[in-house]
Amino acid sequence: PLWSYDAKAGRAVFEKTCASCHALDAGAAAGKLGPNLNGTWRNGLDYFLENIVDPNAVVGTEFQLNLVTKRDGTVVSGMIERESDTALVVRTMTETVTVPKPDIKSREVTTQSLMPAGLLEALPEREALELLLFLTTEPR
């Protein structure tokens, strides 16, 4: 029954599974690699199911994966944090990289998100349900 699930346990699942890319704080401009989820509990269960089950269905331009191939053959993949006339600043899974524009051989913007598909299926059923409970519960 629903009462046996714990939103606090869901927060622990969020911290383990989602917090490396998503922020929950109102003060944060955005998540690190994904949107800030502050206030999204209002959107309800369907919102989260749609976005978690198929993270590539709708991807905001600021969260589209960019593949930057440098002239030396190395590839930097991530989100564009800033772009100037002289450089791209790319947020990767592990760091922020500044790539001077003269060093860029090619740049591909994909319609893909960095969020993995099948995230809920990878979790034990109880953790998946507690995560969804946490995400759809008004913070106290």
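The following paragraphs walk through a predicted model of a single chain, from its overall layout to its sheet, its helix packing and its salt bridges.

The secondary structure consists of 4 helices and 5 strands. Along the sequence these elements come in the pattern α-α-β-β-β-β-β-α-α, with the strands following one another in the middle and two helices on either side. Measured out along the principal axes, the C-alpha atoms of the chain fill a box of roughly 60 × 30 × 25 Å. The chain has 140 residues, and 34% of them are buried. Its accessible surface comes to about 8600 Å², and carbon and sulfur atoms account for 54% of that area. Of the contacts in the chain with a separation of 6 or more, 52% are between residues 24 or more positions apart.

The strands come next. All 5 strands belong to an open sheet with the order S4-S3-S2-S1-S5, and the pairing is antiparallel. The edges are taken by strand S4 (96-100) and strand S5 (104-109); each has a single partner strand, so one side of each has no neighbour in the sheet. From one strand to the next the twist averages 45°.

Two of the pairings can be followed in detail, one at each edge. At the S5 edge, strand S1 (residues 66-70) is joined to S5 by 5 bridges, and the two run antiparallel. Within this pairing, Leu67 has Glu108 in S5 opposite it. At the other edge, strand S3 (residues 87-91) is likewise antiparallel to S4, with 5 bridges between them. Here Ala87 is the residue opposite Pro100 in S4. S3 and S4 form a hairpin, and 4 residues lie between the two strands.

Which side chains of S4 are buried, and which are not? The side chains of this strand alternate: Val97 and Val99 point to one face and are buried. Thr96, Thr98 and Pro100 point to the other face and are not buried.

The helix packing involves both ends of the sequence pattern. Helix H1 covers residues 7-17, and helix H4 covers residues 125-135. The axes of H1 and H4 come within 7 Å and cross at roughly 100°, which makes H1 roughly perpendicular to H4. On the H1 side, the contact is made by Ala7, Ala9, Gly10, Arg11, Val13, Phe14 and Lys16. On the H4 side, the residues are Glu127, Glu130, Leu131, Leu133, Phe134 and Leu135.

Glu130, in helix H4, is one of the residues in this contact. Is Glu130 buried or exposed? Its relative accessibility is 6%, so Glu130 falls below the 20% cut-off and counts as buried. Apart from neighbours within four places in sequence, Glu130 is in contact with Ser4, Tyr5, Asp6, Ala9 and Gly10. Among them, Ala9 and Gly10 also appear on the H1 side of the helix contact.

Glu130 also takes part in a salt bridge. The whole structure contains 7 salt bridges, including the one between the side chains of Glu130 and Arg126, with an N to O distance of 3.2 Å. Both residues lie in helix H4, 4 residues apart, or about one turn of the helix. While Glu130 is buried, Arg126 is partly exposed, with a relative accessible area of 42%.

Helix H1 holds a salt bridge with the corresponding spacing. The side chains of Glu15 and Arg11 meet at 3.8 Å, N to O. These two residues are 4 residues apart in H1, so about one helical turn separates them. Glu15 is partly exposed at 43% relative accessibility, and Arg11 is partly exposed at 40%. Arg11 also belongs to the set of H1 residues in contact with H4.

A further salt bridge joins the side chains of Glu81 and Arg82, at 3.1 Å from N to O. Glu81 is partly exposed, with a relative accessible area of 35%. Through salt bridges that share partners, Glu81, Arg82 and Arg91 are joined into one network. Strand S3, which spans residues 87-91 and pairs with S4, thus includes the position of Arg91.

Terms used:
Residues are numbered from 1 along each chain as its sequence is written. This is a predicted model: local features need pLDDT of at least 70, side-chain atom pairs count only at pLDDT 80 or more; totals for chains, interfaces and linings use all residues. Side-chain values use heavy atoms; hydrogens and water are left out. Two strands pair if DSSP finds at least two bridges between them. Axes are lines fitted to C-alpha atoms, for helices over the stretch in contact, and angles run from 0 to 180 degrees between N-to-C directions. Buried means under 20% relative accessible area, exposed over 50%, partly exposed in between (1.4 Å probe, protein chains only). A salt bridge is a side-chain nitrogen of Lys or Arg within 4 Å of a carboxyl oxygen of Asp or Glu. Contact means heavy atoms within 4.5 Å. Accessible areas come from the Shrake-Rupley method with a 1.4 Å probe; for residues, only the protein chains shown count as cover. Angles under 35 degrees count as roughly parallel, over 145 as roughly antiparallel, 65 to 115 as roughly perpendicular and the rest as oblique.
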